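Hi,

Here is the structure I said I would pass on. Have a look at it first, and my notes follow underneath.

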Amino acid sequence: MIDMHAHWRPAEIADALRARTKEPRILRNPDGVEVLKSPRMGEEPLAKAFDDVDFHLGRMDRQGVEVSVLSLLGSFCWIEAQPLDVSVPLCRIVNDRLSAICQEHPGRFAAYAALPLTDISAAAAELERALGLPGIVGAQLPGNAFLTRNAAEAMRPLLEVANRHRAVLFIHHGPRPGDAFPKVAADTDNARRRNGTLEMQASLSSVWVTLSPPDYLADYPDAMVHAHNRGGNIPYEVERMDHRSLLDTPNEELPSSRFRKAKVYVDCNSFGPRAIEAAVSLYGADRIVCGTDGTEFGCDWTRKALAEAQIGEEARELILHGNAAAMLARVGAVAQHANAAA
């Protein structure tokens, strides 16, 4: 298995967390012990608050994960929303460390860069720099930046860099700097399910509606886009969308046709066999990769779902390994050429 959706909690930003006055932050609890306090996770002792490479490798070996593609965990993405004098150094620290992990363990890791998103020009410059680091294959971007076409226009400088490097942009549910997030207040009944399933999947569906018209990505034929969790609920919603289109815009190409043609990959994180079957039917098996959120539970769940899905062995192999291997090889080929030229 190649896991294209494995989040990382970097210990290298601990000092920045100690300096913060709002969550997430590191502080001392009443017993005088330093803890990481975050809005959703409560308090965690520092020994458990960050990820450890050896622990992660052990889990990968137990689960048969060949490669993990690391990306910043959402609760750490606050670094991307700070003023440039804060966000640029922190993103560089994270990206340099992710690259070091890839170099220290050849063939086991790749990584998506973190970017200073308060200034897209600065973000493009950091993406350009990061793609020169061993192991960095692209960047993670917030889903809210692609909820509408108008919002997505601001992301074109990043697509231009990704296109030049044949790199991957991983669109993950999350806010742009300044967005109110999450949308459902913590004191709402079932807030975690409303935010983590209903709201997230609806938002990812909107991302897909933005990306599917052929003109938006047409200028970036060598950039690769990866959206998580099957790209939202589109495989369930597509028949309804086709019906509405036949009524409202009968002369336009049907959404189902656009979705099949869109040069966007999705991962099958957190979904069961029937959902994977629906995704294969809509997108085709050659557009689906594995994702686990970087957890043992996620890996077990994904493997079981793929084993039970009635999609055939060829499709299963593409999803487990083949598609991701081809994606990573495309980025690696450009990096090798650049290094040889240098």
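Let me start with helix 12 and helix 13 (residues 296–308): their axes come within 8 Å and cross at roughly 65°. That crossing is right-handed. On the helix 12 side the contact is made by Pro273, Arg274, Ile276 and Glu277, and helix 13 brings in Ala305, Leu306 and Glu308. Sorted by class, the contact of helix 12 with helix 13 has four nonpolar and three charged residues, with no polar ones. Before you read on, please keep in mind that this is a predicted model.

Two other helix pairs caught my eye. For anyone you forward this to: two packed helices are described by the angle between their axes and the distance between the axes.

Helix 8 and helix 10 (residues 234–248) have axes that come within 11 Å and cross at roughly 60°. That angle falls below the 65 degrees where roughly perpendicular begins, so helix 8 and helix 10 are oblique to each other. Helix 8 passes helix 10 in a right-handed crossing. Ser205, Trp208 and Val209 of helix 8 make the contact with Ile234, Glu237 and Met241 of helix 10. By class, that is four nonpolar residues, one polar and one charged.

Then there is helix 4 (residues 84–104) with helix 5 (residues 120–130), packed at an angle of about 20° with their axes 11 Å apart. Angles under 35 degrees count as roughly parallel, and helix 4 and helix 5 are therefore roughly parallel to each other. Here too the crossing, helix 4 passing helix 5, is right-handed. In helix 4 the residues involved are Leu84, Cys91, Arg92, Asn95 and Asp96, and they meet Ala122, Glu126, Arg129 and Ala130 in helix 5. The class split for the contact of helix 4 with helix 5 is four nonpolar, one polar and four charged residues.

On to the rings. How many aromatic pairs does a search of the whole structure find? It turns up five. One of them is Phe50 with Phe76: the ring centres are 6.1 Å apart and the planes sit at 65°, so the pair is edge-to-face. This pair links distant parts of the chain, 26 residues apart: Phe50 is in the loop between helix 2 (46–49) and helix 3 (53–63), while Phe76 is in the loop between strand 5 (67–72) and helix 4. Buried or exposed, these two? Phe50 is buried, and Phe76 is as well.

Trp208, which you met above in the contact of helix 8 with helix 10, also forms an aromatic pair with Tyr283. That one is stacked, at 4.8 Å centre to centre and 25° between the planes. It also links distant parts of the chain, with Trp208 in helix 8 (residues 191–211) and Tyr283 in helix 12 (residues 273–283), 75 residues apart. Trp208 has 0% relative accessibility and so counts as buried. Tyr283 counts as buried too, at 4%. If you select Trp208 and Tyr283 in your viewer, add Phe259, as the three form one aromatic cluster.

Now for the backbone oddities. Most residues other than glycine have a negative phi, and most peptide bonds are trans. Against that background, the peptide bond from Glu23 to Pro24 is cis, with omega near 0°. Pro24 is in the loop between helix 1 (14–19) and strand 2 (25–28). The peptide bond from Phe181 to Pro182 is cis as well, with omega near -5°, and Pro182 is in the loop between strand 8 (168–172) and helix 8.

Which residues have a positive phi without being glycine? Arg166 is one of them, at about 55°, and Arg230 is another, at about 60°. Arg166 lies in the loop between helix 7 and strand 8 and is partly exposed, with a relative accessible area of 29%. Arg230 is in the loop between strand 9 (224–227) and helix 10, and this arginine is buried, at 1%.

One last item: His165 lies in helix 7 (residues 156–165). With 16% relative accessibility, His165 counts as buried. Its C-alpha atom is separated by 39 Å from that of Glu44, and the two residues are 121 apart along the chain.

Cheers

How values were computed
Residues are numbered from 1 along each chain as its sequence is written. This is a predicted model: local features need pLDDT of at least 70, side-chain atom pairs count only at pLDDT 80 or more; totals for chains, interfaces and linings use all residues. Side-chain values use heavy atoms; hydrogens and water are left out. Axes are lines fitted to C-alpha atoms, for helices over the stretch in contact, and angles run from 0 to 180 degrees between N-to-C directions. Helices (H or I, at least four residues) and strands (E, at least two) are DSSP runs, numbered from the N terminus. Angles under 35 degrees count as roughly parallel, over 145 as roughly antiparallel, 65 to 115 as roughly perpendicular and the rest as oblique. A crossing is left-handed if the near helix is turned anticlockwise from the far one by less than a right angle, and right-handed if clockwise. Contact means heavy atoms within 4.5 Å. Ala, Val, Leu, Ile, Met, Phe, Trp, Tyr, Cys and Pro count as nonpolar, Asp, Glu, Lys and Arg as charged, and the others, Gly among them, as polar. Rings of Phe, Tyr and Trp (its six-membered ring) pair if their centres lie within 6.5 Å; planes under 30 degrees apart count as stacked, over 60 as edge-to-face and the rest as tilted. Buried means under 20% relative accessible area, exposed over 50%, partly exposed in between (1.4 Å probe, protein chains only).
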